[in-house]
Each structure stands twice: as structure tokens, then as C-alpha cells.
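Visitor: Please choose one part of this model and take me through it closely, and then show how it sits among its surroundings. I would like the terms explained as they come up.

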Amino acid sequence: MKIGATAATIGLLLAGAMPAVAAPHPLTTDEIRALLTGNTVHGTWAGREYFSFFEADGWTFYVEPGKPESRGRWQAAGDKYCSKWGEFGTETCYALELDGDTLLWVTAEGARYPSQVLPGEQLPK
């Protein structure tokens, strides 16, 4: 009995000594605006590599390497990133989270798509 209690105590102590894993940090409207404005995001969405650049005036440019550039409008509102592509497109919004250096795009269904924020305009030519 004493050996079992000692093993359990050691297990609890070791678990307490393990570093805590920080949860992703949900971004606020102001944090989203500050992070994206004037910068490029590079990631993979549904298996396709992409780059997006976000201008301060609300224009955004989306490029998949080897394909034509798409142009849309973006804004940060209600602690979400929202974009509209094409003249008659509907607006789609995502929560954004930071997990260390990784920016996570969170869909309404809870799927998370990782990306990296690159300084300035870094769209492929």
C-alpha cells in the first residue's frame, strides 16, 4: 500500500513540474487590425498554399502560387476578421488566435487553419 501511495505522489509531483502548455490567445478587433495591416499571411488552407496581403485601406490580395491574384475587402469587427471577395460575394468572418508565432484562422465550425504572419508585402510575383 505504501509503495502505491509513493508512486502516486511521485506521479503528481512530476505532473506539477511539467511546463504548462499555453492555450492559443484569441485576438481582439484591435489586435487583428494591428497584426494584419500592412503585412502578409502565408499558410495552407484545404491543402492549398496561399499568401494574403492586407492594406490599411481595407483591400486584401490573395494569391495561390501559379494562379491569378484575387482582390477583396477586409475588416476587423466584433473580435473577428471578415472578408468579402468579388462584387457580389458574401462576407465571411473568422475568429483569429495566436499560438506562439502561429496565427490560427478559426471557422464557425471550429476548424483551425495555421499560418504565419510575414512583415510587409510578400506576395509571390
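Guide: Two strands are said to pair if DSSP finds at least two bridges between them; helices (H or I, at least four residues) and strands (E, at least two) are themselves DSSP runs, numbered from the N terminus. The model is predicted, so local features need pLDDT of at least 70 and side-chain atom pairs count only at pLDDT 80 or more, while totals for chains, interfaces and linings use all residues. Residues are numbered from 1 along each chain as its sequence is written, and side-chain values use heavy atoms, with hydrogens and water left out.

The part I have chosen is the hairpin that β2 and β3 form, with 2 residues between the strands. β2 covers residues 40-45 and β3 covers residues 48-54; the two run antiparallel and are joined by 6 bridges. Within this pairing, histidine 42 stands opposite phenylalanine 51 of β3. In the turn sits alanine 46, whose phi is positive at about 55°, although the residue is not a glycine. Alanine 46 is also exposed, with a relative accessible area of 55%, where exposed means over 50%, buried under 20% and partly exposed in between (1.4 Å probe, protein chains only).

A turn elsewhere in the chain invites comparison. Aspartate 79, in the loop between β5 and β6 (80-85), likewise has a positive phi, near 60°, without being a glycine, and at 41% relative accessibility it counts as partly exposed.

β3 does not end its pairing with β2. On continuing along the chain, β3 is joined by 4 bridges to β4 (residues 59-63), and this pair also runs antiparallel. Here serine 52 has tyrosine 62 of β4 as its bridge partner, and the hairpin of β3 and β4 has 4 residues between its strands, with glycine 58 taking a positive phi near 100°. β3 is itself mostly covered, since 5 of its 7 residues are buried, whereas for the whole protein chain of 125 residues the buried share is 27%.

What lies around the hairpin can be followed from the β2 side of the turn. Trp45 is one of the residues in contact (heavy atoms within 4.5 Å) with threonine 107, the others being Tyr94 and Tyr113 once neighbours within four places in sequence are left aside. Threonine 107 is found in the loop between β8 (102-106) and β9 (112-118), yet at 13% relative accessibility it counts as buried.

From β3 the path leads into the interior. A nonpolar core is a set of buried Ala, Val, Leu, Ile, Met, Phe, Trp, Tyr and Cys residues joined through side-chain atoms within 4.5 Å. The largest one has 13 residues, of which Leu36, Tyr81, Leu96 and Trp105 touch the most other members. β3 is among the elements that give two or more residues to this core, together with α2 (29-36), β5 (70-77), β7 (92-99) and β8. Apart from this core lies another, of 5 residues, among them Phe51, Phe61, Val63 and Leu123; Phe51 is the residue of β3 that stands opposite histidine 42.

Leucine 36 brings α2 into the picture. Not counting residues up to four places away in sequence, leucine 36 touches Val41, Phe54, Trp74, Tyr81, Leu96, Leu103 and Trp105. In α2, Thr29, Ile32 and Leu36 are buried. Seen down the axis of α2, these buried residues fall within an arc of 65°, so they line one face of the helix; the arc is that of the directions from the helix axis to the C-beta atoms. On the other side of α2, Asp30 and Ala34 are exposed. The cover over the buried residues of α2 includes both strands of our hairpin, β2 and β3, along with β5, β6, β7 and β8. Following α2 comes glycine 38, with a positive phi near 80°.

Finally, the hairpin can be placed in the whole chain. The protein chain has 2 helices and 9 strands, which run from the N terminus as α-β-α-β-β-β-β-β-β-β-β. Among contacts with a separation of 6 or more, 40% are between residues 24 or more positions apart.
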